[in-house]
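This report describes how a ligand is held by its surrounding residues and then turns to the aromatic pairs of the protein. Please read it alongside the sequence and the model.

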Amino acid sequence: MTMDNIAISRTTKSRLAEVDLSNLKFGRHFSDHMFLADYVDGEWRDFRIEPFGYIPMHPSLMALHYGQSIFEGMKASKNVEGQALFFRPEMHAKRLNRSAERMCMPTFPEEMFLEALHTLIGMDSDWIPPHEGSALYIRPLMYAADEFLGVKPSDNYRLLIFSGPVGPYYSKRIQLWAEPYYIRAAPGGVGAAKTAGNYAAAMLPSKLAKENGYDQVLWLDAIHHKYVQEVGTMNIFFVIGDSIITPPVTEDTILHGITRDSVLHILREETDYKVEERPLSIDEIVEAYRSGELKECFGSGTAAVIGDVERITYGEIDMRLPSRGEESVGVFCKNYLNRLRAGLIEDKFNWIVPVEMPELNPAG
Ligand SMILES: Cc1ncc(COP(=O)(O)O)c(C=O)c1O
């Protein structure tokens, strides 16, 4: 790995001392540097790292008008020895490119993405909070950069990568509203792409759910309004009897969560549960609740890692799930992932990638 391709301009004044790493609000703090690259004349060029700051933009910037904008959310953390590491970074590179293809945007070479990550996060590794449950959240973002009004794919694009330290996402158990009317994604649509509009479309139903005391919407499918899909920024798992069930990502309606994939591996490898990826209807969940077979529900996602669900409301039906404490499958997965990141258990799946520290370049 070399930095030859990346022009580096360091900040002259780190802002790190202004941030209390033991008391962090999600998404409010940003570390010192950002990576940028531009797609011009059919190729990515001008790879650079600059002090984090504002990006000037033209009022007709196409991303703002027509929504060609995709992003990723990933984390770097420190193990108990203080070594900085990524979790499955190549999966994020691949998903960014899948989102790009669906949104008619250029892919970004995976090798270059990884090099940019190592260089950027290596430079800002002091921003990785050492506390358990905290991490450096990394946000790669690609958007249409043409200055033009008219509906067509942009010719120019920009890739940005920036990061910020975050604390634990949910401090409490989660209340879900199973949404009978509004939908997040339909077959043939863009639900499997991590694109800005998916989140915009979810704002109103999420706001209505929050006004009624819920934390998140549990999305149902667009055709039958019956099959569970996912939650806000998490995939969803149900423990029913001796089975753990999560909806399949075979249709293009559900984000292919990297935590979801990790949880599936952990469950299959480390527990005796029957693990199923299959369509699961809200009626089956209600029936399992009534018969006492619904033991647990939890969400999985980079930000929250695992979110334990306390309540699911579907119309008049209010399902309350008592905490399973140490018996919880979600807690088991969360502890497994946290201990893996801390370096306390063997990385048998090869998910941990140490951050390569950049050579110091005094001239930079
Ligand atoms: C809509 C949606 N579903 C699921 C997830 C979970 O995916 P991951 O585990 O890769 O963070 C996210 C977060 O990225 C998301 O935004």
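In this predicted model, the ligand is surrounded by 16 residues, of which Lys 194, Tyr 199, Glu 230, Thr 259 and Thr 302 come nearest. Sorted by class, this shell has four nonpolar, eight polar and four charged residues. Three elements, namely strand 12 (234-240), helix 5 (258-270) and strand 15 (294-301), each supply at least two residues of the shell around the ligand.

Polar contacts to oxygen atoms of the ligand are made by side chains and by the backbone, as the following table sets out.

| Residue | Protein atom | Distance to a ligand oxygen atom |
|---|---|---|
| Arg 95 | N or O atom in the side chain | 2.7 Å |
| Lys 194 | N or O atom in the side chain | 2.7 Å |
| Ile 258 | polar backbone atom | 2.7 Å |

On its own the ligand has 380 Å² of accessible area, and the protein covers 97% of that area. As for the site itself, the ligand sits in the largest pocket.

A further topic is the packing of aromatic rings, for which the structure holds 16 pairs. One of them is formed by Trp 44 and Phe 108, whose rings are arranged edge-to-face, with 5.0 Å from centre to centre and 75° between the planes. This pair links distant parts of the chain, since Trp 44 belongs to strand 3 (residues 43-51), while Phe 108 lies in the loop between helix 2 (89-102) and helix 3 (110-123), and the two residues are 64 residues apart.

Key:
Residues numbered from 1 in each chain as written. Predicted model: local features only at pLDDT ≥ 70, side-chain atom pairs only at ≥ 80, totals over all residues. Heavy atoms only, no water. Near = heavy atom within 4 Å. Polar contact = N/O pair within 3.5 Å; in protein donor to acceptor, adjacent residues only side chain to side chain. Areas by Shrake-Rupley, 256 points an atom, 1.4 Å probe, with all protein chains shown as cover. 1 Å grid on protein atoms, 1.4 Å probe; cavity = no way out; pocket = protein on both sides within 12 Å on 5 of 7 lines; lining within 4 Å. Sits in = over half its atoms within 2 Å of the grid points. Helix = DSSP H or I, 4+ residues; strand = E, 2+ residues; numbered from the N terminus. Nonpolar A, V, L, I, M, F, W, Y, C, P; charged D, E, K, R; others polar. Phe/Tyr/Trp six-rings, centres within 6.5 Å; stacked < 30°, edge-to-face > 60°.
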